[in-house]
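Student: Could you take me on a close look at the cavities in this structure? I would like to know what surrounds them, and then to follow the neighbouring parts of the chain as far as they lead.

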Amino acid sequence: MGVIVTRFAPSPNGPLHLGHAYSAIVAHDLAKERGGRFLLRIEDIDGVRSRPELAREFRADLAWLGLEWRQVPAQSTRLAAYEAAAQRLRAMGLLYPCRCTRAEIREVATADGPDGPVYPGTCRGASFAPGEAVAWRLNVVEALGRTGPLTWIDERMGEQVARPELHGDVVLVRKEAETPASYHLAVTLDDAADGVTLVTRGKDLFPATHVHRLLQALLALPVPTWHHHPLLLDETGKKLAKRRGSPSLADRRQAGEDGRALADALRAGRLPAGITLGESLSGDS
Ligand SMILES: [Zn+2]
């Protein structure tokens, strides 16, 4: 077995909070315990909301927590790789254009998936005027037919049968020119390019792995192992977020709190009042 590589991949859309700290510490410690490498990747292709100046704050936050990392190129430098992969999937006949809005999909959807209403394939086989703004969706059933059944391994949950069809035909290339690749496409390509061997992230992203495993098979990418860790939840069982009033890491740092002591408390499961570690979000079955 080669060296273990984990990563923390925040988006600079807002400050990091305690949930991010926990995620970064888990990924850092899993690599460190096994003599591996811990990477920091900035996921900065959400064009509208992205605030590049936050990346500097993120590095200050991680250093304050006592973590050491190696930074890899941000997503905004990788757009050509995303487009090349999309082109390859188009050439395989597995992508189709879609112009539906979220509201239209909500209206016609008959099933709910992990991320909300499942797209029912409205635009499959439709024709479009050249130059029309479209998203590109993966024909998931067709794709799974080509690859055959797939499995993947989560360190904590064991072997899983890949069920990308739970998501319906996911968007791989977004309609918005400034945000070309969807999370699914970008993160799968990035983890392969960065040599990540243990994809460490929150349990809320567990269902997304079904899609990522399929993309790896289609694009002949190496298959990592996954580690989906429990989430920090607030009093209502919702994922902890800045908007629910928890101070950001930058707030705590600037107030003079001891970051290493905070990291050790999180490692030991000593959480602030009202916050718990949970395996599932409120509302999940
Ligand atoms: Zn459509």
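Tutor: Happy to! In this predicted model, the largest cavity is lined by Thr-188, Asp-191, Ala-192, Val-196, Gln-216, Pro-222 and Pro-224. The space inside the largest cavity comes to about 50 Å³. Sorted by class, its lining holds four nonpolar residues, two polar ones and one charged one. Helix α6, which spans residues 183-193, gives the largest share of that lining, with three residues.

There is company for this cavity: the count of cavities of 30 Å³ or more is two. The second largest cavity has about 40 Å³ of space. Around the second largest cavity you will find Val-187, Thr-188, Asp-191, Val-199, Arg-201, His-212, Gln-216, Pro-224 and Trp-226. Thr-188, Asp-191, Gln-216 and Pro-224 are worth picking out on your screen, since each of them is in the lining of the largest cavity and also in the lining of the second largest.

Who supplies the walls of the second largest cavity? At least two lining residues come from each of α6, β11 (198-202) and α7 (208-218). Helix α6 again gives the largest share there, three residues. In terms of chemistry, the lining of the second largest cavity splits into four nonpolar, three polar and two charged residues.

Let us stay with α7 for a moment. This helix is mostly covered, with 10 of its 11 residues buried. The buried residues of α7 include His-212 and Gln-216, and both of these also line the second largest cavity. Their buried companions in the helix are Ala-208, Thr-209, His-210, Val-211, Arg-213, Leu-214, Leu-215 and Leu-218.

Follow the chain out of α7 and you come to Ala-220, which sits just after the helix with a positive phi of about 55°. That may catch your eye, because most residues other than glycine have a negative phi. Ala-220 is not a glycine, yet it has this positive value. Ala-220 is placed in the loop between α7 and β12 (225-229). Is Ala-220 buried or exposed? The cut-off for exposed is a relative accessible area over 50%; Ala-220 has 63%, so it counts as exposed.

On the other side of the cavity region, follow α6 towards β11. Gly-195 is found in the loop that joins α6 to β11. With 33% relative accessibility, Gly-195 falls between the limits of 20% and 50% and therefore counts as partly exposed. The chain also brings another part of the sequence into this picture: Gly-195 and Leu-39 are 156 residues apart along the chain, while their C-alpha atoms are separated by 9.9 Å. A second glycine makes a good contrast in distance. Gly-274 lies in the loop between α9 (259-267) and β14 (276-278), and its relative accessible area of 35% makes it partly exposed. The C-alpha atoms of Gly-274 and Val-161 are 35 Å from each other, with their positions 113 residues apart along the chain.

To finish the tour, let us visit the metal site. The zinc ion is held by the SG atoms of Cys-98, Cys-100 and Cys-123 and by the OH of Tyr-119, at 2.1 to 2.3 Å. The angles among these four donor atoms run from 100 to 121°, and the site is tetrahedral. Along the chain, the donors are spaced as C-x1-C-x18-Y-x3-C. Cys-100 and Tyr-119 form a pair that links distant parts of the chain, 19 residues apart: Cys-100 is in the loop between β4 (95-98) and α4 (102-108), and Tyr-119 is in the loop between β6 (116-117) and β7 (135-138).

How covered are the donors? Cys-100 and Tyr-119 are both buried. Cys-98, at 1% relative accessibility, is buried too, and Cys-123 at 6% also counts as buried. Despite these cysteines, a search of the whole structure finds zero disulfides. Arg-124 shares the loop between β6 and β7, but with 44% relative accessibility it is partly exposed. Arg-124 lies 11 Å from Cys-100, C-alpha to C-alpha, and 24 residues from it in sequence.

Conventions: Residues numbered from 1 in each chain as written. Predicted model: local features only at pLDDT ≥ 70, side-chain atom pairs only at ≥ 80, totals over all residues. Heavy atoms only, no water. 1 Å grid on protein atoms, 1.4 Å probe; cavity = no way out; pocket = protein on both sides within 12 Å on 5 of 7 lines; lining within 4 Å. Points joined across faces, edges and corners; volume = space filled by probe spheres on them. Helix = DSSP H or I, 4+ residues; strand = E, 2+ residues; numbered from the N terminus. Nonpolar A, V, L, I, M, F, W, Y, C, P; charged D, E, K, R; others polar. Disulfide = S-S within 2.5 Å. Buried < 20%, exposed > 50% of the residue type's maximum accessible area, 1.4 Å probe, protein only. Donors = N, O, S within 2.8 Å, 3.2 Å for Na, K, Ca; no water. Tetrahedral: all angles 85-135°; square planar, octahedral: opposite > 155°, others 65-115°.
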